[in-house]
Amino acid sequence: MKTTADKVREWESTLGRRTILDQIDEIAEAVTDPLNADADQCWQVAWPIPLFAHTTVGNGMGMVERLRPHMEQGWRTWGERSGPITVKHLGGSNEAANFTVAGKYAEVIRNCRIAPHRLLAIQGAAKGIRQLVKYDEASPPFAAVAKKPLNELVPELVEIFGRGWGHISVLHFLTDLGLAVKPDLHLVKTVQSLGLLNDLEPERVPSLAQALAINEEVRRLAAQLNGGQYTPRQLRRLDALLMEVSRQRLINRLNKETT
């Protein structure tokens with residue numbers, strides 16, 4: 001009888017024949033090490049993430065490219081009183097009318113056509129990084145928190161980053177640091193198909209408890225695939241692999257072959 005690890009290796013072999021493994025390896029190699037990354041490197045991981053929430057990858061990439069020229073070392077200035085850009089939420093929903101965008105670069109940023117609630121979340125990441133840098137200026141900002149268990153770390157970062165950062169966005173950030181997997185639609189489908197968790201509904205966003213359970217199971221799988229231990233890059237690679245299994249519609253094929 002095939003084990004879960006056997007099934008994943010079969011998928012990996014199939015993806016290899018489709019030349020997708022090269023892309024997966026590139027994603028894994030791009031992991032930013034939180035134990036050594038400085039604030040600028042962490043900022044480059046964090047600021048794009050609010051642009052991918054509740055939209056397509058294509059739309060997210062478009063917003064990233066429009067904002068990128070204005071984001072260098074933005075963690076130092078976004079939201080500062082004397083900074084070039086300050087976003088405020090006046091209350092209510094995420095409609096643009098409920099936000100103000102001010103500062104000398106406000107018009108430039110507005111011309112990037114990014115919804116203010118996304119800009120506020122980016123500002124929250126900047127403030128969060130400043131807070132962590134101030135807390136321990138001698139160390140990389142995420143070196144200490146990276147050692148915490150996810151059930152402590154995720155809620156802590158949700159609070160530090162503020163509005164616009166739910167547990168899924170925080171896990172997305174931690175995934176790019178090699179500390180977690182992001183339980184998006186595709187990963188949930190693959191995890192469910194492997195029988196690792198039975199209470200998941202792929203069409204619904206996982207709760208915090210479900211997201212943490214997914215991470216626990218995928219981490220256990222990463223250990224099985226890598227001789228009992230795994231590196232951040234190996235975890236990131238498995239995250240990308242499991243996502244592609246769903247995107248490439250390999251799940252139904254495997255199920256047919258194993259019934």
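What pattern does the protein chain follow, read along the sequence? I traced α-α-α-α-β-β-α-α-α-α-α-α-α-α.

**Ground rules.** I'm working with a predicted model, where local features need pLDDT of at least 70, side-chain atom pairs count only at pLDDT 80 or more, and totals for chains, interfaces and linings use all residues. Residues are numbered from 1 along each chain as its sequence is written, and side-chain values use heavy atoms, with hydrogens and water left out.

**Entry 1, the whole chain.** I tallied the secondary structure and got 12 helices and 2 strands. For that I used DSSP runs numbered from the N terminus: helices are H or I with at least four residues, strands are E with at least two. Then I boxed the C-alpha atoms along the principal axes and got roughly 65 × 40 × 35 Å. The radius of gyration is 19 Å, which agrees with the value near 18 Å for a compact globule of 259 residues. I took that radius over C-alpha atoms, and the globule rule is 2.2 Å times the number of residues to the power 0.38.

**Entry 2, surface and burial.** I looked up the accessible surface of the protein chain: about 13400 Å², with 48% of it belonging to carbon and sulfur atoms. That area is from the Shrake-Rupley method with a 1.4 Å probe, and for residues only the protein chains shown count as cover. Of the 259 residues, 46% count as buried. My cut-offs: buried is under 20% relative accessible area, exposed is over 50%, and partly exposed is in between (1.4 Å probe, protein chains only).

**Entry 3, contacts and charges.** Among contacts with a separation of 6 or more, I found that 64% join residues 24 or more positions apart. A contact here means heavy atoms within 4.5 Å. On charges, I noted 32 positive and 30 negative side chains, with the centres of the two sets 4 Å apart. Lys and Arg count as positive, Asp and Glu as negative, and His and the chain ends are not counted. I placed each charge at NZ of Lys, CZ of Arg, CG of Asp or CD of Glu.

**Entry 4, helix α1.** I followed α1 from residue 4 to residue 17; its 14 residues reach 21 Å from first C-alpha to last, close to the 20 Å expected at 1.5 Å a residue. The expected span is 1.5 Å times one less than the number of residues. Which residues of α1 are buried? I listed A5, K7, V8, W11, T14 and L15. An α-helix has 3.6 residues a turn, so residues three or four places apart point the same way. After α1 comes T19, with a positive phi near 60 degrees.

**Entry 5, positive phi elsewhere.** Most residues other than glycine have a negative phi. I still found Q73, not a glycine, with a positive phi of about 55 degrees. Q73 sits in the loop between α4 (57–67) and β1 (86–89) and is partly exposed, at 33% relative accessible area. R249, also no glycine, has a positive phi of about 60 degrees. I located R249 in the loop between α11 (232–247) and α12 (251–257). Is R249 buried or exposed? At 73% relative accessibility, R249 is exposed.

**Entry 6, I49 and S169.** I49 is in the loop between α3 (39–46) and α4, and I have it as buried, at 3% relative accessibility. Setting aside neighbours within four places in sequence, I49 contacts W165, S169, H172, F173 and D176. By contrast, the C-alpha atoms of I49 and A97, 48 residues apart along the chain, are separated by 23 Å. I then turned to S169, in helix α8 (residues 167–176), which is buried at 12%. Residues up to four places away aside, S169 touches I49, A53 and G164.

**Entry 7, two residues of α11.** L238 is in helix α11, buried at 5% relative accessibility. Beyond four places in sequence, I found L238 in contact with V8, V218, L221, A222 and L225. V8 is also one of the buried residues of α1. From L238 to V181, 57 residues apart along the chain, the C-alpha separation is 8.5 Å. R236 is in α11 too and buried, with a relative accessible area of 12%. With the same neighbours left out, R236 touches I27, A28, V31, T175 and D176. R236 and D25 are 211 residues apart in sequence, yet I get 9.1 Å between their C-alpha atoms.
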